[in-house]
Amino acid sequence: MSERFAFTIDATDGAARTGSIAMRRGTIRTPAFMPVGTAATVKAMKPETVRKTGADIILGNTYHLMLRPGAERVARLGGLHQFMNWDRPILTDSGGYQVMSLSDLRKLTEKGVEFRSHIDGSKHMLTPERSMEIQRLLGSDIVMAFDECPRADRPRDEIAASMEMSMRWAKRSRDGFDGGGDHAERSALFGIQQGALDEDLRQISAEKLTEIGFDGYAIGGLAVGEGQEAMFATLDFAPRQLPQDRPRYLMGVGKPDDLVGAVERGVDMFDCVLPSRSGRNGQAFTWNGPINLRNARFAEDQEPLDSRCACDTCGTYTRAYLHHLIKSQEILGAMLMTEHNIAFYQQLMQTMRDAIAEGRFAAFAAQFRSEYLG
Ligand SMILES: [Zn+2]
């Protein structure tokens, strides 16, 4: 019988840490980047290709899956892992953030959020209890507490009231998760710290979450338009407000330079649509910064996207060919570009894990920035 959830820190370097999370479906090396599989697919990628890039875990979206194909249907079909052919860990978000950003006619109350589907206008109610039920039906390995994420530029009293409600929802999430029978014995539950950019509110949030008790702690409410400088300023205090011996997950981040700066400040886990979405739009991430393959200067460029990248796209195809595929809106262009970007992110994480283990993270970060930001 393998472990439900065991986080081990193997090495630290400054605030940066590297280690692993052992779970029933596999081990997650940290710092970890989770490709986003919104609608039970990492867009344009087969699960086996996602795995081949080095991803130990992917993220699924509760909001999308509850609307289509529906959580009860996924459960009848054997759960999300079997449905999409991914046998390693899956983290599901709570649906809270996406209800607020995607749906129509939202009504937010203490009970939860009532909304209309952006797909067909049908009416739904998402509460902490229902979010826990949906994530259980999906068969999630890491379940996220249901929270509300206000914009960081709202007045402080609104941010405070929202955070307080999210903490009450965190307790209801904990109770709902614990009442989930077998699933609760096989999976993990993460709480989400809120409080926008305010150190005191984040401290209160961290204390309330720690009192409830979670397997890991997410830093929510960042990467919502505040900019990198404000995000880093918040990450100068937010990670150390959370328990030292639990993984810290920065939600929805980010660009490669965001990841390096956040790992430097003690973050262990990330997710972001950026590598996959950018890939479909013709943007490739490289060690020398992002490049846009639509640009005519790549039309006869026989080099790979990145000469240091070990992915199949870089081992096989030229920038000229990718330029042509993207200009022609060929599906293969999106597939090859996404594969490279996800692989690049995984290579970045591996490089950071190695640098922390070898006690040279500061030197790595300085070299990365000089090459990447040029
Ligand atoms: Zn590549």
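Colleague: How many helices and how many strands are there in the protein?
Modeller: This is a predicted model. Both kinds of element occur in the protein. The count is 17 helices and 16 strands.

Colleague: What is the radius of gyration of the protein, and what does the globule rule give?
Modeller: For 374 residues, the globule rule gives 21 Å. The protein comes close to that, so it is as compact as a globular protein of that length. Its C-alpha trace spans about 60 × 50 × 45 Å along the principal axes. The radius of gyration itself is 20 Å.

Colleague: What share of the residues of the protein count as buried?
Modeller: Buried means under 20% relative accessible area. The protein exposes about 15400 Å², with 47% of that supplied by carbon and sulfur atoms. Of the 374 residues, the buried share is 57%.

Colleague: Among contacts between residues at least 6 apart in sequence, what percentage join residues at least 24 apart?
Modeller: Take the contacts between residues at least 6 apart in sequence. Then pick out those that join residues at least 24 apart. Their share is 66%.

Colleague: Which domains is the protein divided into, and how many residues does each bring to the contact?
Modeller: Domain 1 covers 6-271, and domain 2 covers 273-374. Their centres, taken over C-alpha atoms, are separated by 26 Å. The contact takes 31 residues from domain 1 and, from domain 2, 33 residues.

Colleague: Which residues coordinate the zinc ion?
Modeller: The donor residues follow the spacing C-x1-C-x2-C-x25-H in sequence. Their donor atoms sit at 2.1 to 2.3 Å. Three SG atoms and one ND1 atom take part. The residues are C309, C311, C314 and H340.

Colleague: What is the geometry at the site of the zinc ion?
Modeller: The ideal angle for four tetrahedral donors is 109.5 degrees. Here the angles among the four donor atoms run from 97 to 119°. Four donors count as tetrahedral if all angles lie between 85 and 135 degrees, so the cut-off is met. The site is tetrahedral.

Colleague: Are C309 and C311 buried or exposed?
Modeller: The cut-off for buried is under 20% relative accessible area. C309 has 9% relative accessibility. C311 has 7%. So C309 counts as buried, and C311 is buried.

Colleague: Where does a cis peptide bond join a residue to P69?
Modeller: Most peptide bonds are trans. P69 lies in the loop between helix 2 (62-67) and helix 3 (71-76). Omega is about 10° for this cis bond. The bond joins P69 to R68.

Colleague: Which residue does a cis peptide bond join to G254?
Modeller: G254 is in the loop between strand 13 (248-250) and helix 12 (256-264). The omega of the bond is about 5°. The residue is V253.

Colleague: What is the phi of A44, and is A44 buried or partly exposed?
Modeller: Most residues other than glycine have a negative phi. A44 is not a glycine, yet its phi is positive, at about 70°. A44 sits in the loop between strand 4 (32-37) and helix 1 (47-52). With a relative accessible area of 34%, A44 is partly exposed.

Colleague: What is the phi of A223?
Modeller: A223 is in the loop between strand 12 (216-219) and helix 10 (228-235). A223 is partly exposed, at 36% relative accessible area. A223 is not a glycine, but its phi is positive, at about 60°.

Methods:
Residues numbered from 1 in each chain as written. Predicted model: local features only at pLDDT ≥ 70, side-chain atom pairs only at ≥ 80, totals over all residues. Heavy atoms only, no water. Donors = N, O, S within 2.8 Å, 3.2 Å for Na, K, Ca; no water. Tetrahedral: all angles 85-135°; square planar, octahedral: opposite > 155°, others 65-115°. Buried < 20%, exposed > 50% of the residue type's maximum accessible area, 1.4 Å probe, protein only. Helix = DSSP H or I, 4+ residues; strand = E, 2+ residues; numbered from the N terminus. Rg over C-alpha atoms; globule rule 2.2 N^0.38 Å. Contact = heavy atoms within 4.5 Å. Areas by Shrake-Rupley, 256 points an atom, 1.4 Å probe, with all protein chains shown as cover. Domains from an automatic or database assignment.
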